Amino acid sequence: MANALILVVEDDDKSRKLVRDLLTVKGYEIIEAGTGEEGVDLAQKRGPSLILMDIRLPGIDGIQALGRLRAEVATRGIPVMAMTASVMTNDRQKVLDAGFDSFQSKPIKIKDFVAAVEQLLERHRR
């Protein structure tokens, strides 16, 4: 689903650049936010096809940002993938229980990450 608009909510510049570079090569349009509040605002204004959300963010964290997205009619149906360096089993379950559509551990494995993005977009396109 190239040409899809993907919002990357990530406070680490290097991680954001890596994701941007990987996905723009695949033909996706990328918009970026460095905080949870900015991410929620951009999602409401632009209506992306997918949101990639870091969990640990300045201001509101990724779980709180997801709660705000799910509370609004305009953004509740947008798939959101959690991206986090917290990969303990209970952390992963906490993230999925919060309502994220999928989970990607950091540092990302490039092939797995791109495949997960494509699968999530395809699943929600139907």
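This passage describes the sheet, the nonpolar cores and one helix pair of a predicted model.

A good place to start is the sheet. Five strands form an open sheet in the order S2-S1-S3-S4-S5, and their pairing is parallel. In general, strands of a sheet pair through backbone hydrogen bonds, in either a parallel or an antiparallel sense. Strand S2 and strand S5 (102-105) are the edge strands here, each pairing on one side only. From one strand to the next, the twist averages 20°. At the S5 edge, S4 and S5 are joined in the parallel sense over four bridges, and Thr 84 stands opposite Ser 105 in S5. Helix H2 packs on the sheet, where it touches S1, S2 and S3. The direction of H2 makes about 140° with that of S2.

Strand S5 also holds Gln 104, a residue worth a closer look. With a relative accessibility of 9%, Gln 104 counts as buried, because the cut-off for burial is under 20%. Neighbours within four places in sequence aside, Gln 104 is in contact with Met 81, Ala 82, Met 83 and Thr 84, and also with Asp 112, Phe 113 and Ala 116.

Turning to the cores, it helps to recall that nonpolar side chains tend to be buried together in soluble globular proteins. The largest nonpolar core in the model has 21 residues. Within this core, the residues with the most contacts are Leu 7, Val 9, Ile 51, Met 53, Leu 69, Val 80 and Phe 100. At least two core residues come from each of strand S1 (5-9), strand S2 (29-33), helix H2 (36-46), strand S3 (50-54), helix H3 (62-71) and strand S4 (80-84). Apart from this core lies another, of 19 residues, which include Val 8, Leu 52, Met 81 and Met 83. The surroundings of Val 9 can be listed in full: not counting residues up to four places away in sequence, Val 9 touches Ala 33, Thr 35, Gly 36, Gly 39, Ile 51, Leu 52, Met 53, Asp 54 and Leu 57.

Finally, there is a helix pair to consider. Helix H1 (residues 13-25) packs with helix H5 (residues 110-125) at an angle of about 65°, and their axes are 11 Å apart. The crossing of the two helices, H1 and H5, is right-handed. On the H1 side, Val 19, Leu 22 and Leu 23 take part, meeting Ile 110, Phe 113 and Val 117 in H5. By class, this contact of H1 with H5 comprises six nonpolar residues, with no polar and no charged ones. Phe 113 of H5 thus appears twice in the account: it meets H1, and it is also in contact with Gln 104.

Notes. Residues numbered from 1 in each chain as written. Predicted model: local features only at pLDDT ≥ 70, side-chain atom pairs only at ≥ 80, totals over all residues. Heavy atoms only, no water. Axes fitted to C-alpha atoms, helices over the stretch in contact; angles between N-to-C directions. Left-handed = near helix turned anticlockwise from the far one by under 90°. Contact = heavy atoms within 4.5 Å. Nonpolar A, V, L, I, M, F, W, Y, C, P; charged D, E, K, R; others polar. Core = buried A, V, L, I, M, F, W, Y, C linked by side-chain atoms within 4.5 Å. Buried < 20%, exposed > 50% of the residue type's maximum accessible area, 1.4 Å probe, protein only. Pairing = 2+ DSSP bridges.
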